[in-house]
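Student: I am new to this structure and would like a close look at one part of it, the positive patch on the surface. Could you take me through that part slowly, and then show me the setting around it?

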Amino acid sequence: MKINNKNLILISGARSSLGLEVKKQIEKLSVKYLVINTNSISLKKITNQTKLIKKKIIHFEKITFLNISSRIQPIDLIGEQKNHEIYENIMVNIFVPVIIINYLLSTSKKIYIINITSGAAKSMNNKLSLYSLSKKYIEFFLKFLSKENKKNFIFFKNFDPKIMKSYTHSLLLKKKIFRNSKNLKYTSANHNAKKLIKIIKKI
């Protein structure tokens with residue numbers, strides 16, 4: 001099964017790990033895609049990103065948004081976190097995807113969203129309060145949208161890639177977030193990217 005050529009894939013966060021692997025596999029399939037720069041942590045810059053999206057989506061019937069980008073820092077207790085890290089976490093994990101989704105739903109296109117979530121959204125993790133909150137927020141936000149907007153919001157899926165060996169994982173090990181790190185079972189970016197491609201092919 002091939003990916004529909006009238007389906008434009010938007011990818012947030014394709015510089016490393018899962019996002020980069022998804023991008024590589026999409027390129028092999030010769031599918032049209034657009035990488036969104038989620039390091040643009042200001043209203044002006046992310047607004048410019050939506051203008052870029054506007055130019056690219058004209059000739060497509062469907063838009064699939066892969067919300068992959070996220071920021072795990074600050075990994076610390078509330079009261080010990082730095083203001084700029086709090087700001088960047090909320091901007092990247094909540095503000096940017098909400099702005100993008102808000103724009104997409106203002107168009108006449110059929111919108112499909114695959115949100116990369118985490119087990120952190122379902123549990124209280126010491127020193128990961130903001131990260132856990134942001135993941136839970138987007139999950140709840142999408143569930144709400146599925147009831148609120150039935151016009152062109154067709155499909156969403158929260159996809160948990162489990163624990164992958166990555167820069168983020170190394171930060172968690174350094175901060176000793178995992179109690180039994182020796183017994184952890186890992187997944188690979190390649191394995192998860194293939195799963196995501198299978199989901200996209202069904203759209």
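Tutor: A patch, in the sense used here, is made of residues with over 30% relative accessible area and no salt bridge, and like charges are joined into one patch when they lie within 9 Å. Please keep in mind that this is a predicted model.

With that definition in hand, the positive surface patch can be named: Lys24, Lys28, Lys157, Lys194, Lys195, Lys198 and Lys202 form it. Two helices, helix 1 (17-28) and helix 6 (189-201), each supply at least two of the patch residues, and helix 6 gives the largest share, three residues. Lys195 is one residue to look at within helix 6; its relative accessible area is 39%, and Lys195 is therefore partly exposed, since that class lies between the 20% limit for buried and the 50% limit for exposed.

Helix 1 also holds a charged pair, for Glu27 forms a salt bridge with Lys23, with their closest N and O atoms 3.0 Å apart. Because the two residues stand four apart in helix 1, about one helical turn separates Glu27 from Lys23. Glu27 is partly exposed at 37% relative accessibility, and Lys23 is likewise partly exposed, with a relative accessible area of 21%. In the loop that runs between helix 1 and strand 2 (33-36) sits Ser30, which has a positive phi of about 55° although it is not a glycine. Ser30 is exposed, its relative accessible area being 68%.

To place these parts in the whole, it helps to step back to the chain, which has six helices and five strands and follows the pattern β-α-β-α-β-α-β-α-β-α-α when read along the sequence. Its radius of gyration is 17 Å, close to the 17 Å given by the globule rule for 203 residues, so the chain is as compact as a globular protein of that length. Of those 203 residues, 46% count as buried, and one residue to compare with the patch is Ile113 in strand 4 (residues 110-116), which counts as buried at 0% relative accessibility. Ile113 and Phe156 are 43 residues apart in sequence, while their C-alpha atoms are 4.6 Å apart in space.

The pair in helix 1 can also be set beside other pairs, as a search of the whole structure finds five salt bridges. Among them is the one in which the side chains of Glu61 and Lys6 meet, at 3.3 Å from N to O. This pair links distant parts of the chain, 55 residues apart, with Glu61 in the loop between helix 2 (43-56) and strand 3, and Lys6 in the segment before strand 1 (7-12). Glu61 is partly exposed at a relative accessible area of 46%, and Lys6 is partly exposed at 41%. Glu139 forms a salt bridge with Lys122 as well, the closest N and O atoms being 3.3 Å apart. Here too the pair links distant parts of the chain, Glu139 being in helix 4 (residues 129-148) and Lys122 in the loop between strand 4 and helix 4, 17 residues apart. The two partners sit in opposite settings, for Glu139 is buried, with a relative accessible area of 4%, whereas Lys122 is exposed, with 61%.

How values were computed
Residues numbered from 1 in each chain as written. Predicted model: local features only at pLDDT ≥ 70, side-chain atom pairs only at ≥ 80, totals over all residues. Heavy atoms only, no water. Patch = residues over 30% accessible without salt bridge, like charges linked within 9 Å, V, L, I, M, F, W, Y side chains within 5 Å. Areas by Shrake-Rupley, 256 points an atom, 1.4 Å probe, with all protein chains shown as cover. Salt bridge = Lys/Arg side-chain N within 4 Å of Asp/Glu carboxyl O. Lys, Arg positive; Asp, Glu negative; His and termini not counted. Charge placed at Lys NZ, Arg CZ, Asp CG, Glu CD. Buried < 20%, exposed > 50% of the residue type's maximum accessible area, 1.4 Å probe, protein only. Rg over C-alpha atoms; globule rule 2.2 N^0.38 Å.
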